[in-house]
Amino acid sequence: MTHFPIRDGVMHAEDLPLSRIASEIGTPVYVYSRAALETRAREFRAGLAPVAEQSGREPLLAFAVKANPNLAVLRILANEGYGADVVSGGELIRALAAGIPADKIVFSGVGKSRAELILGLEKGIGQFNIESREEGRELAELAASLGLQAQATLRINPDVDAKTHEKISTGKAENKFGIPMVHAREAYRELAALDGLSLRGVAIHIGSQLLDLEPLETAFAKTGQLVAQLREDGHTITHVDLGGGLGVAYKAGEIPPTMAEYGAMVARATEGWDVQLAFEPGRVIAGEAGVLLTRIVRVKRGGNGPPFVIVDAAMNDLARPALYGAWHDFDAVEPSGERMTANIVGPICETGDTFARDRECDAVQSGDLAVFRTAGAYGATMASSYNSRGFIAEVLVDGDRHAVVADRIDPAAIMDAERVPDWLD
Ligand code: LLP
């Protein structure tokens with residue numbers, strides 16, 4: 001069910017016409033639905049019910065903060081009982097500020113700095129997912145020097161092709177993530193013996209926007225074998241983190257697995273593991289909960305192709321199409337019923353600033369409002385200020401009320417942080 005329905009000819013976010021948000025706050029602007037976030041968070045938990053039942057333990061659901069780090073979004077998920085998967089000190093501080101308890105925070109990432117490891121230790125986070133022997137040794141040493149024990153898992157690279165875009169695949173041998181399966185036992189043996197480290201299990205994450213469960217099931221099977229081997233080696237394995245990665249439908253015809261199918265597969269794959277499981281969903285929770293609301297600046301006749309629909313949003317606001325060739329549905333806020341074929345572009349001075357080529361879409365003209373759908377994950381968070389465009393606002397809708405949950409940051413405010421040294425005069 002969409003939380004951005006057309007009602008009385010106007011697209012709404014829940015019960016609020018998007019045209020009202022545009023006139024009150026301006027465009028471009030990200031708009032999130034509270035109900036959509038809550039619904040997805042609950043569906044994900046419900047999908048994993050067979051896993052909770054089978055293992056006799058509630059899994060830890062750690063929202064991948066990178067997908068949407070807005071404080072209000074994190075607060076909604078905190079209220080739903082979610083923890084957080086963070087990949088930087090900045091994300092860690094956000095998760096805590098949003099009210100996510102430290103013991104529900106998992107710290108992932110190949111390049112955690114010393115300062116970030118110390119921050120995690122001092123805040124008492126629930127789990128570090130260690131990505132190399134080098135990081136494990138450093139964490140152990142830091143924890144021991146602070147008189148602490150770092151709770152940790154070892155992230156494994158299972159060498160599985162997630163069959164997704166190459167830039168968001170993370171579990172193949174050539175990717176930088178995790179420890180290769182062949183070195184896992186040896187690495188585990190070394191790190192488990194270190195003071196300061198309480199190594200208690202393994203973690204994996206093979207990629208994002210997965211529309212097929214098969215690569216995940218293969219990776220989970222390899223993880224299960226490793227858990228058995230590690231136990232044979234005498235280790236006590238109590239925790240396994242199965243990562244995130246479940247995809248969403250960006251485009252008609254894309255059919256992601258349902259939460260129930262995912263849950264059934266996980267239950268099958270993890271039967272008998274006898275561990276506390278953790279998951280790190282991002283996109284599947286937040287993707288459909290947001291749109292990027294934009295206004296058409298003008299429609300320009302094309303050279304020998306379709307017209308250019310020039311919108312006021314650009315690749316700096318929503319980077320996914322330029323970066324990954326990603327598809328986001330483009331729909332008019334007040335559709336006339338007419339259709340057109342268009343090249344949908346932003347105002348930035350490079351050809352990469354193209355949202356869609358030869359796209360069949362609602363007919364729009366200068367001044368109309370439109371949305372890029374499914375922009376709640378990896379949208380605002382990947383913005384830049386390229387072309388000195390600043391950062392756009394984010395709005396949360398709840399029924400017929402709304403709140404600005406991130407202010408627009410004007411180019412002038414960014415300029416304020418810059419200095420011209422007086423020796424240039
Ligand atoms: N856990 C780890 C360790 C990750 O690296 C990621 C995503 C997640 C969890 C969450 O994955 P999700 O459930 O959202 O698929 N910017 C790209 C996506 C990059 C994802 C990287 N890692 C995009 O816009 O498609």
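In this predicted model, arginine 283 is placed in helix α11, which covers residues 283-286. Arginine 283 has 27 other C-beta atoms within 10 Å and is therefore buried. Beyond its neighbours within four places in sequence, the contacts of arginine 283 are Ala67, Ser208, Gln209, Gly247, Val248, Ala377 and Tyr378.

Tyrosine 378 lies in a loop. The flanking strands are β19 (369-372) and β20 (393-398). This tyrosine 378 is also buried, because 25 other C-beta atoms fall within 10 Å, where 20 or more suffice. Outside the four nearest places in sequence, tyrosine 378 contacts Ala67, Arg283 and Arg320. Ala67 thus appears in the contact lists of both arginine 283 and tyrosine 378.

An unreviewed UniProt entry lists Arg283, Arg320, Tyr324, Glu350 and Tyr378 under "binding site". These positions span 96 residues of sequence and are spread in space as well, with up to 27.9 Å between C-alpha atoms.

At the level of the whole chain, two domains are assigned. Domain 1 comprises 6-32 + 287-416, and domain 2 comprises 34-282. Their centres, taken over C-alpha atoms, are separated by 32 Å. Contacts between the domains involve 22 residues of domain 1 and 18 residues of domain 2. On the domain 1 side, β20 and β21 (401-406) each supply at least two residues. The most comes from β20, with four residues. By class, this side of domain 1 holds twelve nonpolar, five polar and five charged residues.

How values were computed
Residues are numbered from 1 along each chain as its sequence is written. This is a predicted model: local features need pLDDT of at least 70, side-chain atom pairs count only at pLDDT 80 or more; totals for chains, interfaces and linings use all residues. UniProt positions are given in the numbering used here, feature names are shortened, and annotations may be inferred rather than shown by experiment. A residue is buried if 20 or more other C-beta atoms lie within 10 Å of its own, exposed if 12 or fewer, and partly exposed in between; C-beta atoms are placed from the backbone. Two residues are in contact if their C-beta atoms, placed from the backbone, lie within 7 Å. Domain bounds come from an automatic or database domain assignment. Ala, Val, Leu, Ile, Met, Phe, Trp, Tyr, Cys and Pro count as nonpolar, Asp, Glu, Lys and Arg as charged, and the others, Gly among them, as polar.
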